[in-house]
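These are my notebook entries on one chain, kept in the order in which I looked things up. I began with burial and then turned to the fold, the core, the ring pairs and the surface.

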Amino acid sequence: MNIQIKARGTKLEFPPHVLVLLSITSVQIGTAIAILMFHAIPAGGAAFFNAFFSTLMLGVFSLKFRLPRTYSAWTAAFGFGVIISGMFLTFFYAVERIPMAVASTIEFMGPLTLSVIMSRRPIHFIFIGMAIVGIALASPGFESSLDKVGLLFAFLSAVFWAAFIILSPIISRLFEGESGLMAGMAFASLLTLPFLLSQIDIIMISPSVIFAEFLMAAFSTVLPLSLEYFALRSMSARTFGVLVSLEPVAATLIAFLVLSQPLESVMLISILVVTIAAIGISLTDRSK
């Protein structure tokens, strides 16, 4: 089932799989911007600005929606904020310490684990196995020289991402449109504010830095989370989990193009393997 998106009277329709692919590309561009700006805004501050600017942007899109007044809805929104702040903090602290491709590879273990748990047909395990092989090829390796704390943060980000996938459909039922994301981001802004304040003595603020953080939030959060938020309404968590197996591959390519991190020939094989797995799981998924 295609997803309808309305903008200024124009109605566009996209398959949910296309929304996920656009999300994957966008989030890697935003992550690369954050890494380039770590000299001015370290990871804790980047997490706050990500949540803060995302709240403002999502708030504009949510003006026409009525917020719920039930205690259960806002309790769920606070829990959503905890998960979102956890996603931001753990991943930014990870890419501050270890290569972007390695962090993305580990983070993907969250949705991949959901795919394994929710799989029922034998063919799904074949494609999931292909995805695992492809991810292993995409990773530059978990050498002993990698920062152990950075690896821990990456594994924690995988847990938070899996939790986001599980809670997203619940929030979408309790809130209209993007207002659920906005509420979660607002709570995430409050929860990440202490991490900004703890780094206030080393943060360098200027108009160009603030603009870069705004772009980082737009690409890494508002656009991809909004696309995933809509896609998850008509896509199973299993299909989503394997489609985003393209995430570490995209991270490798963006890291090569933007951050000048090396791209080896084995990466091209990885791209082919993971792409086949992502297409295969999508075509064989019968769930609505």
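**Entry 1. Cut-off for burial.** I fixed the terms before reading any residue: buried means under 20% relative accessible area, exposed means over 50%, and partly exposed lies in between. I also noted that the model is a predicted one. Phenylalanine 38 was looked up at once; its relative accessibility is 13%, so it counts as buried.

**Entry 2. Chain as a whole.** I recorded twelve helices and two strands. Read from the N terminus, the order is β-β-α-α-α-α-α-α-α-α-α-α-α-α. The chain has 288 residues, and 56% of them are buried. I then looked up the contacts between residues at least 6 apart in sequence, and 88% of these join residues at least 24 apart.

**Entry 3. Nonpolar core.** I found that the largest nonpolar core holds 89 residues, and that Val20, Phe38, Phe88, Phe92, Trp161, Phe164 and Phe240 have the most contacts inside it. Helix α3, residues 71-95, supplies the largest share of this core with 14 residues. For phenylalanine 164 I set aside the neighbours within four places in sequence; the contacts that remain are Phe80, Ile83, Ile84, Met87, Leu181, Leu225 and Glu228.

**Entry 4. Aromatic pairs.** I searched the whole structure and obtained eleven aromatic pairs. Phenylalanine 38 and phenylalanine 92 form an edge-to-face pair, because their ring centres are 6.5 Å apart and their planes stand at 90°. The two residues are 54 apart in sequence: phenylalanine 38 sits in the loop between α1 (16-36) and α2 (43-61), and phenylalanine 92 in helix α3. I checked phenylalanine 92 for burial as well; its relative accessible area is 3%, so it is buried.

The pair of tyrosine 93 and phenylalanine 153 is stacked, with 5.2 Å from centre to centre and 25° between the planes. Tyrosine 93 belongs to helix α3 and phenylalanine 153 to helix α7 (residues 148-174), so this pair ties together parts 60 residues apart in sequence. I noted that tyrosine 93 is buried at a relative accessible area of 15%, whereas phenylalanine 153 is partly exposed at 22%. I also listed one aromatic cluster, formed by Phe48, Phe49, Phe52, Phe53 and Phe214.

**Entry 5. Salt bridge.** My search of the whole structure gave one salt bridge. Which residues form the salt bridge? They are arginine 97 and aspartate 147, with 3.5 Å between the closest N and O atoms. Arginine 97 is in the loop between α3 and α4 (100-107) and aspartate 147 in the loop between α6 (122-138) and α7, so the bridge ties together parts 50 residues apart in sequence. Arginine 97 is partly exposed, with a relative accessible area of 41%. Aspartate 147 is also partly exposed, at 27%.

**Entry 6. Phenylalanine 195.** I placed phenylalanine 195 in helix α8, residues 179-197. Its relative accessibility is 30%, so it counts as partly exposed. From phenylalanine 195 to alanine 46 I noted 9.3 Å, C-alpha to C-alpha, although 149 residues separate them in sequence. Beyond the neighbours within four places in sequence, phenylalanine 195 is in contact with Gly44, Gly45, Leu89 and Tyr93.

**Entry 7. Leucine 232.** Is leucine 232 buried or exposed? I read a relative accessibility of 8%, so leucine 232 counts as buried. It lies in the loop between α9 (207-231) and α10 (237-243). Leucine 19 is 213 residues away in sequence, yet the C-alpha atoms of leucine 232 and leucine 19 are 9.8 Å apart. Leaving aside neighbours within four places in sequence, I listed Ile165, Ser168 and Phe240 as the contacts of leucine 232.

**Entry 8. Surface.** I noted an exposed area of about 13100 Å² for the chain, with 72% of it supplied by carbon and sulfur atoms. A nonpolar surface patch of about 370 Å² consists of Leu36, Phe256, Leu257 and Val258. Helix α11, residues 246-258, gives the most to this patch, namely three residues. Valine 258 is in helix α11. Its relative accessible area is 39%, so valine 258 is partly exposed.

Key
Residues are numbered from 1 along each chain as its sequence is written. This is a predicted model: local features need pLDDT of at least 70, side-chain atom pairs count only at pLDDT 80 or more; totals for chains, interfaces and linings use all residues. Side-chain values use heavy atoms; hydrogens and water are left out. A nonpolar core is a set of buried Ala, Val, Leu, Ile, Met, Phe, Trp, Tyr and Cys residues joined through side-chain atoms within 4.5 Å. Buried means under 20% relative accessible area, exposed over 50%, partly exposed in between (1.4 Å probe, protein chains only). Helices (H or I, at least four residues) and strands (E, at least two) are DSSP runs, numbered from the N terminus. Contact means heavy atoms within 4.5 Å. Accessible areas come from the Shrake-Rupley method with a 1.4 Å probe; for residues, only the protein chains shown count as cover. Patches are made of residues with over 30% relative accessible area and no salt bridge: like charges are joined within 9 Å, nonpolar side chains (Val, Leu, Ile, Met, Phe, Trp, Tyr) within 5 Å. A salt bridge is a side-chain nitrogen of Lys or Arg within 4 Å of a carboxyl oxygen of Asp or Glu. Rings of Phe, Tyr and Trp (its six-membered ring) pair if their centres lie within 6.5 Å; planes under 30 degrees apart count as stacked, over 60 as edge-to-face and the rest as tilted.
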